[in-house]
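Here are some quick notes from my read-through, in no strict order of weight. Have the model open while you go through them.

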Amino acid sequence: MELKVVKASVEKGEGLGWGKSLLVPSIQEILKNDSQSVPERYIQEPKDRPLISQNLFDSLQVPVIDFSMLAQKDANEIRKLDLACKEWGFFQIINHGVREETMVNMKAAMAAFFELPFQEKSKCAKAANEIQGYGQNFVVSEKQKLDWCDMMFLKTFPHETRNFKEAVEEYSTEIRKVSNKIDANLSVLMGMDENGLKRKLGEFQQGIRMNYYPTCSRPDLVLGISPHSDGSLFTLLLQDDEINGLQIKHKKVWIDAKPIRNSLVVNIGDAIEILSNGMYKSIEHRAISNEKKPRMSIATFVMPGDEVQIGPLDSMVNGKHLPRSYRNIKYIDYIRQKFAMKMQGKAHTAIVKL
Ligand code: OGA
Ligand code: NI
């Protein structure tokens, strides 16, 4: 497949203005010189290390939602969606309508990009004062521990900031259809009509982050992605069909979101937590590494416009019974404070909590 990598818009000085991050080395490159190495900067403090062998909660499964049933307005499936958002903040969707070929092409394009020589990839490296491009984000101090992962973040909607090519375009367009259906369902579940969220939030922005997790000789010492919740309305994750890596914190324990072929993992982000006044929670999650095979994932973040005020919806606040528990904040201010910190559990939602 031909892969065109167009120079990132950041080089033309068209940054997003969302934040910055210190530049860090590529883990993939470090491992090319020494595949066994686990540099000090990547070794997590003992309290933060993942317990790789813990399988006590293996039987717990992230809820699976059949999207075709939602389209038929099946009351039982809608109830399942509501419960999944309330109790898990995560679900996997099957029969979502995204063509298998589109997903396969997207994964192949991502793999082809990460297999390019470093010098080629560096042509779309992020600048130090930007978050878009190839490289890591959320690095705010030379002392902080680093994640065992290389990333590429792109804003894919609106169109003019788009700079990766065909596979990403097709994938993002298909995912947008799925995300429109999720937001229609969430609108109804939050006491509005199907267009409620769109009316309140305007046209959604969409960003895509490709996460490349190389193998690690000591997966018990490192984290692929540190625990965090997503700053989006919700996120749709296309993960490897076979390799485990994503874990979510459910009732205080870490649970594997085991891959289901052709499914998408969906999670509630901070913006829906705030809009729903806490009824739906953006759950902490992380990714772990493994010794055997690199893992790739593609996260699509669906977000309100930069200038939109987010705060609890009128339909989710009700005097004494449901007092307002978050303050209003302009979305870009929320995003900027998020990118100004290390990824750190739920620390940023705490900032807008009343
Ligand atoms: C993310 C994320 C998890 C994964 O990109 O926000 O949580 O499994 N990714 O890659
Ligand atoms: Ni995430």
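1. A word on terms before the metal site: "buried" here means under 20% relative accessible area, taken with a 1.4 Å probe and protein chains only. By that yardstick, His-228 and Asp-230 are both buried. Keep in mind that this is a predicted model.

2. Which residues hold the nickel ion (ligand 2)? The protein donors are NE2 of His-228, OD of Asp-230 and NE2 of His-285, and they lie 2.1 Å from the ion. Along the sequence, the spacing of these donor residues reads H-x1-D-x54-H.

3. On to ligand 1. There are 13 residues around ligand 1, and Arg-209, Tyr-213, His-285, Arg-295 and Ser-297 come nearest. So we meet His-285 again, this time beside ligand 1 as well as among the nickel donors.

4. The polar contacts of ligand 1 are worth a look. Arg-295 puts a polar side-chain atom 2.8 Å from a ligand oxygen. For Asn-211, the distance from a polar side-chain atom to an oxygen of ligand 1 is 3.1 Å. His-228, a nickel donor too, has a side-chain N or O atom 3.1 Å from an oxygen of ligand 1. As for cover, ligand 1 has 290 Å² of accessible area on its own, and the protein covers 98% of that.

5. Last, helix H4, residues 100-115. Its 16 residues reach 22 Å from first C-alpha to last, close to the 22 Å expected at 1.5 Å a residue. Buried residues of H4 include Thr-102, Met-103, Met-106, Ala-109, Met-110 and Phe-113. An α-helix has 3.6 residues a turn, so residues three or four places apart point the same way.

Conventions: Residues are numbered from 1 along each chain as its sequence is written. Chains are lettered from A and ligands numbered from 1 in the order in which they are written. This is a predicted model: local features need pLDDT of at least 70, side-chain atom pairs count only at pLDDT 80 or more; totals for chains, interfaces and linings use all residues. Side-chain values use heavy atoms; hydrogens and water are left out. Donors are N, O and S atoms within 2.8 Å of the metal (3.2 Å for Na, K and Ca); water is not among the atoms, so sites may look incomplete. Buried means under 20% relative accessible area, exposed over 50%, partly exposed in between (1.4 Å probe, protein chains only). Helices (H or I, at least four residues) and strands (E, at least two) are DSSP runs, numbered from the N terminus. The expected span of a helix is 1.5 Å times one less than its number of residues. A residue is near a molecule or strand if one of its heavy atoms lies within 4 Å of it. A polar contact is a pair of N or O atoms within 3.5 Å; within protein, one must be able to donate a hydrogen and the other to accept it, and residues adjacent in sequence count only if both atoms are side-chain atoms. Accessible areas come from the Shrake-Rupley method with a 1.4 Å probe; for residues, only the protein chains shown count as cover.
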